[in-house]
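Here is a friendly note to read alongside the structure. Keep the 3D view open and find each residue as it comes up.

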Amino acid sequence: MTPRLNVLQGFQDQYSEKPRWITRSPGRVNIIGEHTDYNAGFVLPMAIDYAAWVALKPRSDRLVRVTALDKDQTSEFSLDDLSKGQGDWQDYLIGVAWALQQEGFELNGWEGTLAGDVPIGAGLSSSAALELAVARAFCLASKLEWDPRRMALICQNAENHWVGVNSGIMDQMVSACGKENSALLIDCRSLETRQVPLPDDIRVVILDTTTRRGLVDSTYNELRAQCEAVACHFDADALRDVSLEQLLDSAGLLNITLYHRARHVITENQRVLEAVQALEKGDGESLGRLMNESHRSLRDDYRVSREELDQMVEIAQAEPGCFGARMTGAGFGGCAVALVKADLVEDFEYNVPRKFLRKTGLEPKVYLTEASNGTSFEEIS
């Protein structure tokens, strides 16, 4: 059963009627530009055809009641009495409500069901998908205008200051603003975006190692603090403002760990801009080379890869038809992304997981994905 049908059927089973609306918000895969977003840099993600879904109807009071069908759990809370839970899925719902009210929005209650097919903890931004699907539900129930960019910022605020993950804006922005058949270039300082069409002869393949990490418990926040320390060293607002030449000239003055962190971010920003040029020319070879360079930088300078991710990337890169591959997402586990020639993608999908299984003993999951539209809703008649 698809997630859409799941939330629709679950709602009907629970309330003996159809929902008023169904909202959908996609996960994302980042083609290139990792750990640059919170450094005011550039990223090039795309919204994927895996998403979070919410079926809902409005209430006449300020109570919110949501059943997560995948977990068989129900969250119920009053908009007048928001409190943090145990760091689970419910905190994302409550956090979005908190962040919307922080912005001065008057919210109404609603009730419904939620489900999704974005793999959890795989680096495909299941959290942003959930946040935006819930934000869209609040806007519908409360008769609020939907502004994708503003809502992306509000959901980022929820993740940063309620859930406690000091993430950048990339995940929420592409989940809100993605377009079919395109990647999204995001300037994470100005929040300007540009749709970058994907060539017809290239396929995006997500390779899930099935290893997992918990972002809140990882070194993610520490990495961000290290980047801010280097920017402070150069009296810059963010690492985006520091050139590679400046960094090289100060190599002897910086802690070696800080130097490597900064080198990744500075060179990754340049790779993103070059990747956009390659896509616009339909140059898969150049884009693949940039992806390979990105993985080496994440592995060696930023040190957010792990053995299983490195093995997956190496296997993918060696496969005929693969332009390039890299880890994607915050790291510490999860997925790699590969760019593959369309006419060889079936062989790629067949060979890579089998070679990975033989090498690691882990059975991976493979997702052939397409760029999808961002957050949306439908009214159920």
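**Notes on a predicted model**

1. The largest pocket holds about 950 Å³ of space. Please keep in mind that this is a predicted model. The lining of that pocket is made up of 46 residues. Those nearest its centre are Tyr92, Ile120, Gly121, Ser126 and Ser127, so start your search in the viewer there.

2. Which elements give two or more residues to the lining of the largest pocket? They are β2 (42–58), α2 (89–102), β5 (110–116), α3 (126–142), α4 (148–163) and α5 (170–177). Among these, α3 supplies the largest share of the lining, with 4 residues.

3. Next, look at Ser125, which sits in the loop between β5 and α3. Its phi is positive, about 60°, although Ser125 is not a glycine. That deserves a second look, because most residues other than glycine have a negative phi. Is Ser125 buried or exposed? Ser125 has a relative accessibility of 8%, so it counts as buried, the cut-off being under 20%.

4. Asn181 makes a good companion to that point. It lies in the loop between α5 and β6 (182–187), and its phi is also positive, near 65°, in a residue other than glycine. With a relative accessible area of 48%, Asn181 is partly exposed.

5. Now move to helix α4, where you will find Ala152. Its relative accessibility is 0%, so Ala152 counts as buried. Which residues does Ala152 contact, leaving aside its neighbours within four places in sequence? They are Leu132, Ile169, Gln172, Met173 and Ala176. Take Ile169 from that list: it is 17 residues from Ala152 along the chain, yet 7.3 Å separates the C-alpha atoms of the two.

6. Strand β1 (residues 21–32) is a nice one to trace. All of its residues, 12 of the 12, are buried, so β1 is largely enclosed by the rest of the structure. It pairs with β2 in the antiparallel sense over 10 bridges, and within this pairing Ser25 has Ala52 as its bridge partner. β1 also pairs with strand β12 (residues 376–379), again antiparallel, over 4 bridges. There, Thr23 stands opposite Phe377.

7. For a hairpin, see β3 (residues 63–68) and β4 (residues 73–78), which pair in the antiparallel sense over 6 bridges. Val66 in this pair stands opposite Ser75 in β4. There are 4 residues between the two strands, and Asp72 in the turn has a positive phi of about 55°.

8. What is the strand order in the open sheet of 4 strands? It runs β9-β10-β8-β11, with antiparallel pairing. β9 (322–328) and β11 (365–369) are the edge strands, each pairing on one side only. On average, neighbouring strands of this sheet are turned by 20° against each other, direction ignored. Helix α11 (residues 345–360) packs on the sheet and touches β8, β9, β10 and β11. The direction of α11 makes about 15° with that of β8.

9. Within that sheet, β8 and strand β10 (residues 335–341) pair over 7 bridges in the antiparallel sense. To find your place in this pairing, look for Leu207, which stands opposite Ala336 in β10.

10. Finish with Thr209, in the loop between β8 (202–208) and α6 (220–233). Thr209 counts as buried because its relative accessibility is 0%. Where are the polar partners of its side chain? One is the side chain of Thr211, joined to that of Thr209 by a polar contact of 2.6 Å. Another is the backbone oxygen of Gly334, which lies 2.6 Å from a polar atom of the Thr209 side chain. Leaving aside neighbours within four places in sequence, Thr209 is in contact with Glu308, Leu309, Met312, Gly334, Phe356 and Leu362. Gly334 therefore deserves a click of its own, as it appears both in that contact list and in the 2.6 Å approach to the Thr209 side chain.

Definitions and conventions:
Residues are numbered from 1 along each chain as its sequence is written. This is a predicted model: local features need pLDDT of at least 70, side-chain atom pairs count only at pLDDT 80 or more; totals for chains, interfaces and linings use all residues. Side-chain values use heavy atoms; hydrogens and water are left out. Buried means under 20% relative accessible area, exposed over 50%, partly exposed in between (1.4 Å probe, protein chains only). A polar contact is a pair of N or O atoms within 3.5 Å; within protein, one must be able to donate a hydrogen and the other to accept it, and residues adjacent in sequence count only if both atoms are side-chain atoms. Contact means heavy atoms within 4.5 Å. Two strands pair if DSSP finds at least two bridges between them. Axes are lines fitted to C-alpha atoms, for helices over the stretch in contact, and angles run from 0 to 180 degrees between N-to-C directions. On a 1 Å grid over the protein atoms alone, a cavity is a set of points where a 1.4 Å probe fits but cannot get out, and a pocket is an open set with protein on both sides within 12 Å along at least five of seven lines; lining residues have an atom within 4 Å of a point. Grid points are joined across faces, edges and corners, and a volume is the space filled by probe spheres set on the points.
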